[in-house]
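Trainee: Can you walk me through this chain before I get back to the bench?
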Amino acid sequence: MKKNEKTGLLVPLLFAVYLLLLIWIILFKLEFSISVLKTSRSINLIPFYYENEIGMGFHLKEVLENAVIFIPLGIYLCMLKHDFSVKVKFIFILMTSLILEISQYILAVGRTDVTDLITNTCGGMAGVGLYWLSVKAFHNKKRLDFIITVLAAVATIVVIGLLAILLIVN
């Protein structure tokens, strides 16, 4: 098997692992047991409105975390479906976030929030932009895809290793 064939098979696998981790983070709040999740349903349809003012630092941190966690979605989408238009990528990212937000409400495992929808989508589109800029800088999409795949594989192994340690400790 050639190098490109190996990475071609690895990218969808890494993407699947990323999606599983994304679901676990958003819906299950990094918990190993569903029974410890607090069940509540609430919806916030006012962008960047927080009824319990904890502090601007907390809200800024949450917004940034939501954006950062969706950056890989945009990058993977570009690697897997480079022929999709930016509009189609935007709709895919938006719908992924919307499905996760609605799932939180249905499962009563968090707050369904339009702010999350906005920041998640912005993060995913930032990933699309970062990928596009990287292609322009590297002038070689295949080489860039290989580098991203290697970095994603290493990051995935590290994250899974850390999660295994947390599971053993708990």
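Mentor: We can take the overall layout and then one helix pair.

Mentor: This is a predicted model, where local features need pLDDT of at least 70, side-chain atom pairs count only at pLDDT 80 or more, and totals for chains, interfaces and linings use all residues. Residues are numbered from 1 along each chain as its sequence is written, and side-chain values use heavy atoms, with hydrogens and water left out.

Trainee: How many helices and strands are in the chain?

Mentor: The chain has 5 helices and 2 strands, counted as DSSP runs (helices H or I, at least four residues; strands E, at least two) numbered from the N terminus. Along the sequence the pattern reads α-β-α-α-β-α-α.

Trainee: OK, and H4 with H5, at what angle do they pack?

Mentor: Helix H4 (residues 114–138) and helix H5 (residues 141–169) pack at about 125 degrees, with their axes 9 Å apart. That makes H4 oblique to H5 (under 35 degrees is roughly parallel, over 145 roughly antiparallel, 65 to 115 roughly perpendicular, the rest oblique).

Trainee: Which residues of H4 and H5 make the contact?

Mentor: On H4 they are Tyr131, Ser134, Val135 and Phe138, and on H5 Lys141, Leu144, Asp145, Ile147 and Ile148; contact means heavy atoms within 4.5 Å. By class, that contact has 6 nonpolar, 1 polar and 2 charged residues.

Trainee: Different topic: what percentage of the residues in the chain is buried?

Mentor: Buried residues are 34% of the 170 in the chain, buried being under 20% relative accessible area with a 1.4 Å probe, protein chains only.

Conventions
Axes fitted to C-alpha atoms, helices over the stretch in contact; angles between N-to-C directions. Nonpolar A, V, L, I, M, F, W, Y, C, P; charged D, E, K, R; others polar. Buried < 20%, exposed > 50% of the residue type's maximum accessible area, 1.4 Å probe, protein only.
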